[in-house]
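User: Please take a close look at one part of this chain, the contacts and aromatic pairs around a single helix, and set that part against the chain as a whole.

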Amino acid sequence: MIWELLVQLAAAFGATVGFAVLVNAPPREFVWAGVTGAVGWGCYWLYLQWQPSVAVASLMLALLSRVFSVVRRCPATVFLISGIFALVPGAGIYYTAYYFIMGDNAMAVAKGVETFKIAVALAVGIVLVLALPGRLFEAFAPCAGKKKGER
């Protein structure tokens, strides 16, 4: 089980870094974007062992994006857009289209609704964290507690 988790985390890290390259993230942030994606996928995978839900993973992903944005002094969207790549329900979208094209409307609707629920859970988790005031994340700033002009 541990070996499977490590393989999944490595795959999520690699896929997230690859997506960060595609969306033109700054090269110095590739590793941190990869960590964000791996942590988000790891939370999803661990939670999947009990009950499949993407909500907890999206919360962790958004929290980590906010923390990295303060620590790395970079917009949170650099980490969030790259990190969410592993959680987007691509297979659900594919199967919705597949069943629709094959004429199985009942399965297309079922897969479509399931995919929509996952997308909404992702969005709600992200919005809940991004709505938090920035002051909550100031403690993670590299210069926290220093007066203006101090190094």
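Analyst: The mean positions of the 11 positive and 6 negative charges of the chain lie 15 Å apart, in what is a predicted model. The accessible surface of the chain comes to about 9300 Å², and carbon and sulfur atoms account for 70% of that area. Of the 151 residues in the chain, 32% are buried. The C-alpha atoms, taken along the principal axes, fill a box of roughly 65 × 30 × 30 Å. Within that box the secondary structure amounts to six helices and zero strands, so that the pattern read along the sequence is α-α-α-α-α-α. Where contacts join residues at least 6 apart in sequence, 66% of them are between residues at least 24 apart.

The part to examine is helix H3, which spans residues 55–71 and includes serine 69. Serine 69 has a relative accessibility of 12%, and because the limit for a buried residue is under 20%, serine 69 counts as buried. Leaving aside residues up to four places away in sequence, serine 69 touches Cys74, Pro75, Ala76 and Phe79.

Phe79 also takes part in an aromatic pair, one of the chain's count of eight. Its partner is phenylalanine 68, and the pair is edge-to-face, with 5.7 Å from centre to centre and 65° between the planes. This pair links distant parts of the chain, since phenylalanine 68 belongs to helix H3 and phenylalanine 79 to helix H4 (residues 76–83), 11 residues apart. Both rings fall under the 20% limit for burial: phenylalanine 68 is buried at 11% relative accessibility, and phenylalanine 79 is buried with a relative accessible area of 0%. Phenylalanine 79 is thus a residue that serine 69 touches and a ring that pairs with phenylalanine 68.

A further aromatic pair can be set beside this one. The ring centres of tyrosine 98 and tyrosine 99 are 5.6 Å apart with their planes at 65°, and because planes over 60 degrees apart count as edge-to-face, the pair is classed that way. Tyrosine 98, however, is partly exposed, with a relative accessible area of 36%, whereas phenylalanine 79 is buried. Tyrosine 98 and tyrosine 99 also belong to one aromatic cluster, together with Tyr94 and Tyr95.

Conventions: Residues are numbered from 1 along each chain as its sequence is written. This is a predicted model: local features need pLDDT of at least 70, side-chain atom pairs count only at pLDDT 80 or more; totals for chains, interfaces and linings use all residues. Side-chain values use heavy atoms; hydrogens and water are left out. Helices (H or I, at least four residues) and strands (E, at least two) are DSSP runs, numbered from the N terminus. Buried means under 20% relative accessible area, exposed over 50%, partly exposed in between (1.4 Å probe, protein chains only). Contact means heavy atoms within 4.5 Å. Accessible areas come from the Shrake-Rupley method with a 1.4 Å probe; for residues, only the protein chains shown count as cover. Lys and Arg count as positive and Asp and Glu as negative; His and the chain ends are not counted. The place of a charge is taken as NZ of Lys, CZ of Arg, CG of Asp or CD of Glu. Rings of Phe, Tyr and Trp (its six-membered ring) pair if their centres lie within 6.5 Å; planes under 30 degrees apart count as stacked, over 60 as edge-to-face and the rest as tilted.
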